[in-house]
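Welcome, and please open your viewer with the cartoon display switched on. Let's take a short walk through this model together.

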Amino acid sequence: MQRYRPAILHLQYTGFLSFYPWLARLRGVKKVFLTDQTSRPEGHEISKAPAWKRAGTRIVNQPLTSVISISDYNRRCIVDAGLLPQRKVVRLYNAVDLTRRNTSST
């Protein structure tokens with residue numbers, strides 16, 4: 001970050017709780033995004049996290065511009081647990097839409 005001075009940082013596979021968003025902001029990065037690709041175990045029941053966990057997670061992730069969730073279920077897990085405000089969590093499917101491919105010959 002010091003060498004290239006990026007304006008945007010996109011974090012993947014770093015874990016939901018890390019010091020990277022704070023480090024990025026301290027280094028002048030304007031926007032920090034995190035893609036959450038967490039897999040929950042089969043039968044996982046979504047519930048509100050304890051107050052201390054909600055508060056801690058919001059403080060640690062305060063510098064994040066947005067969390068990108070890979071599915072509606074994944075997004076619902078984060079929002080319903082109260083870990084981040086709903087406005088900070090967006091869903092962007094982790095897939096390719098093959099119905100939009102170009103089938104014409106070149």
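The tour below goes from strands to helices and ends at a pair of side chains. Keep in mind that this is a predicted model.

**Stop 1: two strands.** Select residues 8–12, strand β1, and then residues 31–36, strand β2. These strands run parallel, and five bridges join them. To see how they line up, click on Gln12: across from this residue, in β2, stands Thr35.

**Stop 2: the helix in between.** Now add residues 20–26, which form helix α1. Together, β1, α1 and β2 make a β-α-β unit, and this unit is right-handed.

**Stop 3: on to another strand.** Keep β2 selected and add strand β3, residues 66–69. How many bridges join β2 to β3? There are four, and these two strands also run parallel. Pick Leu34 and look for Val67, its bridge partner in β3. Then show helix α2, residues 51–60, which makes a right-handed β-α-β unit with β2 and β3.

**Stop 4: a salt bridge.** Switch on side chains for Asp72 and Arg91, which form a salt bridge. Their closest N and O atoms are 2.8 Å apart. The partners sit 19 residues apart in the chain, with Asp72 in helix α3 (residues 72–81) and Arg91 in strand β4 (residues 89–91). A search of the whole structure finds one salt bridge, so this pair is the one to look at.

Are these two side chains buried, exposed or partly exposed? Asp72 is partly exposed at 38% relative accessibility, and Arg91 is partly exposed as well, with a relative accessible area of 34%.

Methods:
Residues numbered from 1 in each chain as written. Predicted model: local features only at pLDDT ≥ 70, side-chain atom pairs only at ≥ 80, totals over all residues. Heavy atoms only, no water. Salt bridge = Lys/Arg side-chain N within 4 Å of Asp/Glu carboxyl O. Buried < 20%, exposed > 50% of the residue type's maximum accessible area, 1.4 Å probe, protein only. Pairing = 2+ DSSP bridges. Right-handed = clockwise from strand over helix to strand, strands pointing away.
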